[in-house]
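Colleague: I should like to learn how to read the empty space and the helix packing in a model. Would you please guide me through one example?

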Amino acid sequence: MLSIWGVFGNGIPGTLWFRWLSLRIPVYLPRPGESKTALHLPSLCRLLSVHLCTYAPASNTVFYGYKEAFSGDAATWAARYERRMRQEFVQTTTFSLLFWIPAQSINFTLVPLHLRPVYENSLMCVWNAFL
C-alpha cells in the first residue's frame, strides 16, 4: 500500500512539484560581482514556507484519504476519513513542521534537484510509518 502511495501519491507529484518550486524560488543566488553562487537564506525560508504551507498539508490530507480507503469497509470511508481529519490533522501538521523543516532544509540546499524526490521518499517512509 505504501509503495503505491510512494510512486503515485508522492513520487510523481513530488518530482513535478520540486522542479516547479526550484524554478520559481532558487535558494542559491549569484553573489554580486562574482560568478559563484551562495545560499540565500531569505529564499530558503520562502521556499520552506511555500512548500510546508501548501504541498505538505495537501499531501497529508490526500494520504489520510488514501489510507482510510484501504482500511475497512468502503461504506464507512467518508465517516472514518472525516473523524481522522478532525482528530489528527492539526496535530499531524504541527508535528510535521518539526520533522520536515530540517529535512527539507537539507533537501533544498544539499540534494541535487533530480534526487530530491528520492531523498524525500526515503524520509516519507519514516513519516508514513508515524502516520
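**Cavity and helix packing**

Modeller: Let us begin with enclosed space; please bear in mind that this model is predicted. By the rule applied here, the count comes to 1 cavity of 30 Å³ or more.

Colleague: How is such empty space found in general, and what volume does the largest cavity have here?

Modeller: The general idea is that a probe the size of a water molecule, rolled over the atoms, shows where empty space is left. In this structure, the volume of the largest cavity is about 90 Å³.

Colleague: Which residues line the largest cavity?

Modeller: The lining of the largest cavity includes His-51, Leu-52, Tyr-55, Ala-56, Ser-59 and Asn-60. Also among the lining residues are Ser-96, Trp-100, Gln-104, Glu-120, Met-124 and Trp-127. By class, the lining has 6 nonpolar, 5 polar and 1 charged residues.

Colleague: Which helices supply at least two residues each of that lining?

Modeller: Helix H2 (41-69), helix H3 (77-110) and helix H4 (116-130) each do so. The largest share, 6 residues, comes from H2.

Colleague: Before we turn to the packing of these helices, what does the secondary structure of the whole chain come to?

Modeller: The protein chain has 4 helices and 2 strands. Read from the N terminus, the order of its elements is α-β-β-α-α-α. The C-alpha trace spans about 65 × 25 × 20 Å along its principal axes.

Colleague: How should I read the packing of two helices, and at what angle do H3 and H4 pack?

Modeller: One reads the angle and the distance between the axes together. For H3 and H4 the angle is about 155 degrees, and the axes lie 11 Å apart. Angles over 145 degrees count as roughly antiparallel, and therefore H3 is roughly antiparallel to H4. H3 passes H4 in a right-handed crossing.

Colleague: Which residues of H3 and H4 meet?

Modeller: On the H3 side, the residues that meet H4 include Thr-92, Phe-95, Ser-96, Phe-99, Trp-100 and Gln-104. On the H4 side, Arg-116, Tyr-119, Glu-120, Leu-123, Met-124 and Trp-127 are among the residues that meet H3. The residues of this contact divide into 12 nonpolar, 4 polar and 2 charged.

Colleague: Let us take the next pair. How do the axes of H2 and H3 cross?

Modeller: The axes of H2 and H3 cross at roughly 145 degrees and come within 7 Å. Here too the handedness can be given: H2 passes H3 in a right-handed crossing. The contact of H2 with H3 has 15 nonpolar, 10 polar and 5 charged residues.

Colleague: At what angle do H2 and H4 pack?

Modeller: H2 and H4 pack at about 55 degrees, and their axes are 13 Å apart. This angle makes H2 oblique to H4. The crossing in which H2 passes H4 is right-handed.

Colleague: Which residues make the contact between H2 and H4?

Modeller: H2 contributes His-51, Tyr-55, Asn-60, Phe-63 and Lys-67, while H4 contributes Glu-120, Trp-127 and Asn-128. By class, the contact of H2 with H4 has 3 nonpolar, 3 polar and 2 charged residues.

Note on methods. Residues numbered from 1 in each chain as written. Predicted model: local features only at pLDDT ≥ 70, side-chain atom pairs only at ≥ 80, totals over all residues. Heavy atoms only, no water. 1 Å grid on protein atoms, 1.4 Å probe; cavity = no way out; pocket = protein on both sides within 12 Å on 5 of 7 lines; lining within 4 Å. Points joined across faces, edges and corners; volume = space filled by probe spheres on them. Nonpolar A, V, L, I, M, F, W, Y, C, P; charged D, E, K, R; others polar. Axes fitted to C-alpha atoms, helices over the stretch in contact; angles between N-to-C directions. Parallel < 35°, antiparallel > 145°, perpendicular 65-115°, else oblique. Left-handed = near helix turned anticlockwise from the far one by under 90°. Contact = heavy atoms within 4.5 Å.
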